[in-house]
Amino acid sequence: MSVRRILMIFGMGIIGVVLLIIGFTTWYTVDESEQAVVITFGQANSTVTDSGLHFKLPWPIQHVEVLSKETYSLKFGYKQDETGDLVSYDKETKMITGDEYIVLTDLIVQWKITEPHKYLFHAEDPKKILHDSTSASIRSVIGSSTIDAALTDGKADIEAKTRDLLASLIEKYDIGVVIQGVKLQDVELPNAEVRAAFTAVTDARETKNTKINEAQKYENQKVNEAKGERDAIKSRALGEKTARVEQAIGDVAIFNKLYVEYKENKEITRQRLIIETLEQVLPNAQLYIMNDSGETMKYLPLQQLQNQPIQNAPPTEEKGESTDEQ
C-alpha cells in the first residue's frame, strides 16, 4: 500500500470523525424543567428556557450547559448519608445568642437559579458562597436575639430576618440565584442538663403568666362589678332627684292654686287648710269643735262621715216635695 493511499484513508477517517462530531454536537434538547446556556468560545451567549430540540454551532465553537429550573434545598448544619440517616455538624451549628447563651441551630434554605450565565461565570463555586452567606446570616440574627426568642415564640421572626439578610447578601454577590425561603429545623441547647434547666425556667415563666392572667381576670371582674354598682347608684340617685324635682314642682303648683283661692276667700281657705292638715297629721284622731266662749262643745265625726257609705239617698224631686208640704 502506497503512502498516498494511506494518507487518503487517514484523511477520510479524520473527515468522518469531524462529521460525527458535527452531527452529534450541533443539536441539544432542553426539558421543561431545565434551562440552558449557549457558550461560544468560553463566553456565554444566550440563555434558552424553551423546551424542545435546539441547534447550535458544533464543538468546539459552541457548547451548552444545561441547568435545572427546580428549587434546590441547602441543608445547613446537617446532611443525609447514604443510608438516609441524618448527620449533624455541631461545630457548624453552634452559635451564641445576644444574651450569651450557646444554642445549636440548623436550617434549610430553598433557592433557585434565575440567571444561569451569572451562576456559571460570576463565581467559581456559587454553592459554597451560598453556604457561607447562610452561616453569616443566621449567626448575625441569632447573635442579636435572646435565648427565649430562639427557643420559643421568636422562631418565625428569626426565619424572616435570616431570609431578608441572606437575600441581600446573595444580591450583592450577584451569582444568579434567588432565595425562596428559610426554615429553621432545630434550635436547641447543647446538652441535656442545660436543656432540663431551661425547661424548668420556661415552665416557671408559664406558671407565672398563668397566675398573672388569672389575677387580671379577677381584677377585671371586680372592677366591672364595682362599675355596675356605681352606675346603679347613680341611676337611683338621678331617679330620686327627678322624682323630688317633679314633686316640688307639683307642690308649687298646688300652693299657687291655694294662694289664688286664699286671696279670694281667706277665712274659708284657712279653715280648710287647718282641717286638711289635721287629717294628715292626725289621721286617727276624733275632732271636737268648740266655740270661743268654751260653753258649748260639738263633736265633728269627720272620719265616720268619710268612712260611712251613702245609703238610700232619696231622689232630689222627693226632697223638694216634702219641703213644700212641711
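How do the residues of the lining of the largest pocket divide into nonpolar, polar and charged? In this predicted model, the lining holds four nonpolar, five polar and four charged residues. The pocket itself has a volume of about 210 Å³. Its lining is made up of 13 residues. Those closest to the pocket centre are Tyr-78, Ser-88, Asp-106, Asp-186 and Glu-188. Four elements each give two or more residues to this lining. They are strand 8 (86-88), helix 2 (90-93), strand 10 (102-113) and strand 11.

Strand 11 spans residues 177-188 and also takes part in a salt bridge, through Lys-183. The partner of Lys-183 is Glu-159, at an N to O distance of 4.0 Å. Glu-159 lies in helix 6, and the two residues are 24 positions apart. The pair thus links distant parts of the chain. The two partners sit in contrasting surroundings. Glu-159 is buried, because its relative accessibility of 16% falls under the 20% limit. Lys-183 is partly exposed, with a relative accessible area of 48%.

Helix 6, residues 155-173, carries a further salt bridge, between Asp-157 and Lys-161. Here the N to O distance is 3.3 Å. The two residues are four apart in the helix, so about one helical turn separates them. Asp-157 has a relative accessible area of 42% and is partly exposed. Lys-161 is likewise partly exposed, at 44% relative accessibility.

Sequence neighbours can also be paired. Arg-230 forms a salt bridge with Asp-231. Their closest N and O atoms are 3.4 Å apart. Arg-230 is partly exposed, with a relative accessible area of 41%. Asp-231, at 40%, is partly exposed too. Elsewhere, salt bridges that share partners join three residues into one network. Its members are Glu-115, Lys-118 and Asp-174.

The pairs described above belong to a wider set. A search of the whole structure finds eight salt bridges. In general, side chains of opposite charge can pair when their charged atoms come close. Within this set, helix 6 supplies both partners of the Asp-157 and Lys-161 pair. Helix 6 also supplies Glu-159, which reaches across to Lys-183 in strand 11. Strand 11 in turn gives two or more residues to the lining of the largest pocket.

Key: Residues are numbered from 1 along each chain as its sequence is written. This is a predicted model: local features need pLDDT of at least 70, side-chain atom pairs count only at pLDDT 80 or more; totals for chains, interfaces and linings use all residues. Side-chain values use heavy atoms; hydrogens and water are left out. A salt bridge is a side-chain nitrogen of Lys or Arg within 4 Å of a carboxyl oxygen of Asp or Glu. Buried means under 20% relative accessible area, exposed over 50%, partly exposed in between (1.4 Å probe, protein chains only). On a 1 Å grid over the protein atoms alone, a cavity is a set of points where a 1.4 Å probe fits but cannot get out, and a pocket is an open set with protein on both sides within 12 Å along at least five of seven lines; lining residues have an atom within 4 Å of a point. Grid points are joined across faces, edges and corners, and a volume is the space filled by probe spheres set on the points. Ala, Val, Leu, Ile, Met, Phe, Trp, Tyr, Cys and Pro count as nonpolar, Asp, Glu, Lys and Arg as charged, and the others, Gly among them, as polar.
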